[in-house]
Amino acid sequence: MRIGLLTEGGYPYVSGEAGLWCDHLVRGLGQHEFDVYALSRSERQEDEGWTPLPPQVTRVRTAPLWTAVDDGVVHGRRTRRRFAEAYGELVTAVCAGGPLAWPGPLNRAPAEEGTDEAIEADRFGNALHALAELARDEGGLVGALRSEAAVRTLERACRAPGALRAAGVARVPDLLTVTAHLERLLRPLSLDWYGADGLGSVDLCHAAAGGPAALPGLLARRLSGIPLLVTEYGAHLRAHYLEGAGNTPVRALLASFHGRLTAEVYRQAACVTAGDAHIRRWQERCGTDRAGIRTVHPGVTASRTDDGTESGECADHADPYTVVGVGLTEAAGDLTPLPHAFEEIRRSEPRARLRIVGAPAGGPDSVCSGRHGEHGDGGEDGEDAAEARTAAGAVVVLPGVVEGFPFDLVEAMYRGRATVSTDVGAVAEVVGDAGLVVPPCDHRALAEACVALLRDPGRRARLGAAARVRALELFTVERNVAAFHDIYLEIISRFPVRRPVADEAGEPLPFGVPAEAHLPWRWTQQLSPPLLGGPRWAVGTPSGATRPVWAAAAGQTPALRGTGEATR
Amino acid sequence: MNERGHAAVPAGTGLRTAHSERPAGGGTTTHADGGDTKDGGVEAARRPTGSSDSADPVKALLHRHRDLCERAVDPLEIAARLEAHGMNDRAAARFRHRDVFSLAEELYARVPRADEAWTPERGAADPPGAHAGWAVLALLPVVLCTATVAGTHLTEGRPRLATAAVGAAAVLLGVRASLRRGPLRAPAGPRGGTHVWTCWLLGYALCGDGVLSSALVGGPDGPRTPATAPVLALTLACAPALWCAGLLAAHARRGLAASRSLKEFAGSVRPLLLGLVAVWLCALIALLALCGAVLHQPAAYVGAGSLGALLLLARFLTVHGRTRVSSAALGVAGAAEATALATVLAGRLPGCSFLVVPVESAVDLWGPGVVPGLACGPAALVLLIQATRTLTRASAHASPPRSP
C-alpha cells in the first residue's frame, strides 16, 4: 500500500515540529511505501536539511510555502471572470461568518441536500475546488490572487449585507493584509502534485496536521478520489486563535477562513484521529462526524526510559523527600502554584526538597524564591541529566498548564513514579487512576497531595507501579503504530481507489492490487530460497513439472526436464 | 442558549474510572461525582440567575477576562484562551455550563464589542531595502554632470576627449547608483530589453537629429558634434524625478492608512500623480533651456521633452511591476525612430524615393526634432493612461507582507 504523508513544516525537516511521531510511524510500518509531500515554512527550515529517511520512504517532494513565484501567465477575459466568480464565492463564505458546523455542535443529523444549510456548507468547498481547477487548467493563480481584482472582490464581500461586523469596518490596509494572507494559504492549490504520477498514485493520504497541511489531501480527494486521513496532535484552530495578532478585521477574517477550512477538511476526511479527548472535543465542535473520529494516543519511546529494573528498585533509589517538578518549560502563564504549594509542603514536611527539570519559561527564580528549596540547576542539560533528576525524586509534580500532550508526565509514569498533576487539558485522561489529579490553580490541594504521598511510601509504590503498567499499555510507540495500521486497512477497505490492473490479454486482473503487496525484496530476481528464508532442501532451481505416467501411453516419454525456470 | 441533548462525551470517559483518586481535602470542587456527570442524560445548561444560592458566577469570570472578551472575534477564540488559562469542562460546570464552548458563547454574548481605535500595522513603514539617504544620492548625477561640463570647457583637444569620456562614464555610474536605491528602485527580474531600448533612445537623442538632417540633404559627411544638451538635461532631471517618486510613495502610504475604500484611495492618488508628472515636465523644460544656453546648442524641447516623459513613466511602471508594458512602449518608440532613419536612408535606393516623402515633409515643416517627438509622444501618452490606472491601485503600493 502506498501512503502519501502530507506535512507542513514538519517531517522530514530537521527543525520540523511533530516530526518525531511521523518518524516512528514510517519506521514502524516497513511493509508499506511512503511518499512524503512536505511544505516548508521558511527558508531556514529548508536549508537545515532532512532527518535520515528509512528505505520505505520512496519519494519526497517538497514545496516552499514562504515564497511563490508568479509564473507569468496572463489571464484572458474569460479566465478573469472565472477567477472572480470562484474567489468571490470563497470570500463571501469567509465573510459570512456563522457557525462552523452545519449541523451544529451537537451533531444532529446532517443537513438534507438542497436546503440552505447544505448550500452554505458546500459553498466554501466548491469555491476552493473551482480555484484549484482554474490553477490546473490555466495556471497563474498566484498572480491572480495578488491582483487588484482580488482586493476589490474582498472589499465587495466585506461591505455586503450579512457580512461579519468586524469585516465591515475593514480599511484598505486590512484588506491588503488579508489578501496577502489568503494568497499565502492558497499556495498549495498551484502545486503540480495532483497528477497521476503524484498524489494520484497513492492509495491513501495521511495528513500530519489539520488546516493548511491537509489542503493537498482535500484536492487529491476531489480530483482522484483518494481517501484522506487527518491526524491531529494539537487542535489547529485553537493554535491559530492563540497566536492571532493584528487588527480586529484581519483577525476575524482569517479566523473565519481557518475555521471554514478546518470544517471542510473534517467533512471530507474519511477518518479523523485525535491525540486525546481534549482535541477530540475541538474536532467535534468544528463539525466532525462523531463516527469518524478515533483517539490514537501519541507514542512515547519506552526504550529510552526503560532501564530494565523493577520499578520498586527505582523508587528505592529515589530520595524519599524530593519532589520533582516537570513540564515547566512549556508551562504557559500560571507558574505560581508551585512556589506557594512548596511553601505549604515545607510547612508540613520540613525535610522536603524541590528539584526542577528543565529551564522554566521565566527562569528558575520565577518558580522558587530561592529561600526554601534548592532547585536543581535547570539548565539546558541533556536528556540523561534530566532523566537522572527525574529518577532522583520520589514524587513528580506537573503544575501549571501544559499545551498539548504531557510527555513529561508519561515519561515519569514509565519510570514508575507517583505523580501529582493539575487537571488541565489531557492530563486526567493520561493519568487516569494511576496518580493524583488536583484542580487547577489550587496550591493548597497540590501541597496536600504531595505531602500525603511523601508520607506514605506504600501508596507511592502502588501508584508508581500502576502508572508504569498504564504507560506500557497505552502510550507505547508500538501501540500507536498498530492503531494507525488498523486505521489504514479499514480506510482502504471502505474507500478503495479504483485502479484496474490489466493482464497481458487486457482483461482486468483480479486481486491485482492487494493491500499489502509490497514484499521486502524484489521477487522477480533469481534469489535462492535460503536467502529468501525458505527451506534448505530447495537449493537448486526447481525442476519442471513431470508429465504423468498415463500421458506416456500416447507415445511420448515423460520428459524429466532437468532445467526449469522459476515461473510465476 | 440552553442546549439540551446528548452531551458530548469525551473519549477518555472509559479511562477515567469512577474511583479516581482525588485529595480528600480539596473542597473547592463541587462536582462530587467526577467524570460521571456527563454520561448521558439531559441536563440544563444554565439555571436562571435569580436562584437564591449564589450570585451570577459568570460575572466574576467576566470581570477577570474582560479584556480578552472584548477583543475576541469569535466565541471559539474565547474558549481557546480560557483553556490556555486552565479552564476545562469540570471547571465550566462550576459556572453551570456543560462545557467550555457554551461558557464562551455566553461570555461572547454578554460583553459588548469594544470599538478599538484603528492602528496601522506595525512595520508598515518604509519597504525593506530603501536606502535612507536616497534624497541626497539623487544629487550625485548633478554634481558629476556639472564637473564633466566644466572639465570639457576648460580643456582643449585630446585631454578634452578624455575628460568627456571619463565624465560620461562617471555620470552613467552615478545615475545607476542613484536609481538603484530610493523610490525608483526596480524589482529584480527579467527586464525584457528595457535597457537596450533606453540606450537606443538616448543615443538617438545624442546624435540622431544631426544624422537625420544631414541624411536628408545628401548623406552624413563626417562625425558631427553630438547634441549633448538634451542628454545633459535628462541626466540633471534624474534628481527631480527621484524626489517626485518619493513624494508619490509617501503620499500613497499615508493615503493607504487613511482611506476607507479602494475608490477613495484611487481618488486621492490620481491628481497627485498627474500633478507630479506635469511639474517634472516643467522642470525638464527649464533644464533644457538652461543646458541649451550654457552649451550654446539649440534646445530640442519637443524631442527631449517627450523622451523624458516616456522614460519617467516607463520607470514608474517598471518599479511597480508592470515591466512588459513599459518595455513594449520603449520598444515601439525606438522602432519608430529607427524606421524613420531607415526610410530616409533607403530612399536613396533606386525606385524607393517615395519612402523619404513623409519624413522629409515633416522635417521641413517642424524641424528634425519632430521625429523623436512623434515617436515618443504617443508612447508616453499611452503609458500615462496606463499609469493612471495602475498606480492608483492599492495593491501597487502595498508593502510586502511580513512572513508570518
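**Figure 1. Contacts of A:Asp23 in the predicted model.** In this predicted model, A:Asp23 touches A:Tyr11 and A:Pro52, when residues up to four places away in sequence are not counted. A:Asp23 lies in helix H1 (residues 19-28) of chain A, and with a relative accessible area of 18% A:Asp23 is buried. A:Asp23 and its contact A:Pro52 are 29 residues apart in sequence, while their C-alpha atoms are 9.4 Å apart in space. The other contact, A:Tyr11, leads into a cis peptide bond to A:Pro12, for which omega is near 5°. A:Pro12 itself is found in the loop that runs between strand S1 (2-8) and H1 of chain A. Most peptide bonds are trans.

**Figure 2. The largest nonpolar core and the surroundings of A:Tyr87.** The largest nonpolar core has 150 residues, and those touching the most other members are A:Phe83, A:Tyr87, A:Leu90, A:Leu128, A:Leu131, A:Phe257 and B:Leu310. Helix H12 (residues 262-295) of chain B supplies the largest share of this core, 12 residues. Leaving out residues up to four places away in sequence, A:Tyr87 touches A:Leu131, A:Leu145, A:Ala150, A:Thr153, A:Thr179 and A:Leu182. A second core, separate from this one and made up of 28 residues, includes A:Val26, A:Phe34, A:Val477 and A:Phe484.

**Figure 3. Packing of helices H13 and H14 of chain B.** Two packed helices are described by the angle between their axes and the distance between the axes. For helix H13 (residues 301-319) and helix H14 (residues 323-346) of chain B, the angle is about 160° and the axes are 7 Å apart. H13(B) is therefore roughly antiparallel to H14(B), and H13(B) passes H14(B) in a left-handed crossing. On the H13(B) side, the residues that meet the partner helix are B:Leu310, B:Leu311, B:Ala314, B:Leu317 and B:Thr318, and on the H14(B) side they are B:Thr323, B:Val325, B:Ser326, B:Ala329, B:Leu330 and B:Ala333. B:Leu310 is also listed with the residues that touch the most other members of the largest nonpolar core.

**Figure 4. The loop residue B:Gly347.** B:Gly347 is found in the loop between H14 and helix H15 (356-366) of chain B, and at 13% relative accessibility B:Gly347 counts as buried. Apart from neighbours within four places in sequence, B:Gly347 is in contact with B:Cys352, B:Ser353 and B:Val356. B:Leu216 lies 131 residues from B:Gly347 along the chain, with 9.5 Å separating the C-alpha atoms of the two residues.

**Figure 5. Helix H5 of chain B and its cover.** Within helix H5 (residues 100-110) of chain B, the buried residues are B:Val100, B:Phe101, B:Ser102, B:Leu103, B:Ala104, B:Glu106 and B:Leu107. Their cover includes helix H12 (277-285) of chain A, together with helix H1 (57-64), helix H2 (66-71), helix H3 (75-84) and helix H4 (89-94) of chain B.

**Figure 6. Two loop residues of chain B with positive phi.** Most residues other than glycine have a negative phi. B:Arg96, although not a glycine, has a positive phi of about 65°, and B:Arg96 is found in the loop between H4 and H5 of chain B. B:His296, also not a glycine, has a positive phi of about 55° and is found in the loop between H12 and H13 of chain B. B:Arg96 counts as buried at 17% relative accessibility, whereas B:His296, at 68% relative accessibility, counts as exposed.

Technical notes:
Residues are numbered from 1 along each chain as its sequence is written. Chains are lettered from A and ligands numbered from 1 in the order in which they are written. This is a predicted model: local features need pLDDT of at least 70, side-chain atom pairs count only at pLDDT 80 or more; totals for chains, interfaces and linings use all residues. Side-chain values use heavy atoms; hydrogens and water are left out. A nonpolar core is a set of buried Ala, Val, Leu, Ile, Met, Phe, Trp, Tyr and Cys residues joined through side-chain atoms within 4.5 Å. Buried means under 20% relative accessible area, exposed over 50%, partly exposed in between (1.4 Å probe, protein chains only). Helices (H or I, at least four residues) and strands (E, at least two) are DSSP runs, numbered from the N terminus. Contact means heavy atoms within 4.5 Å. Axes are lines fitted to C-alpha atoms, for helices over the stretch in contact, and angles run from 0 to 180 degrees between N-to-C directions. Angles under 35 degrees count as roughly parallel, over 145 as roughly antiparallel, 65 to 115 as roughly perpendicular and the rest as oblique. A crossing is left-handed if the near helix is turned anticlockwise from the far one by less than a right angle, and right-handed if clockwise.
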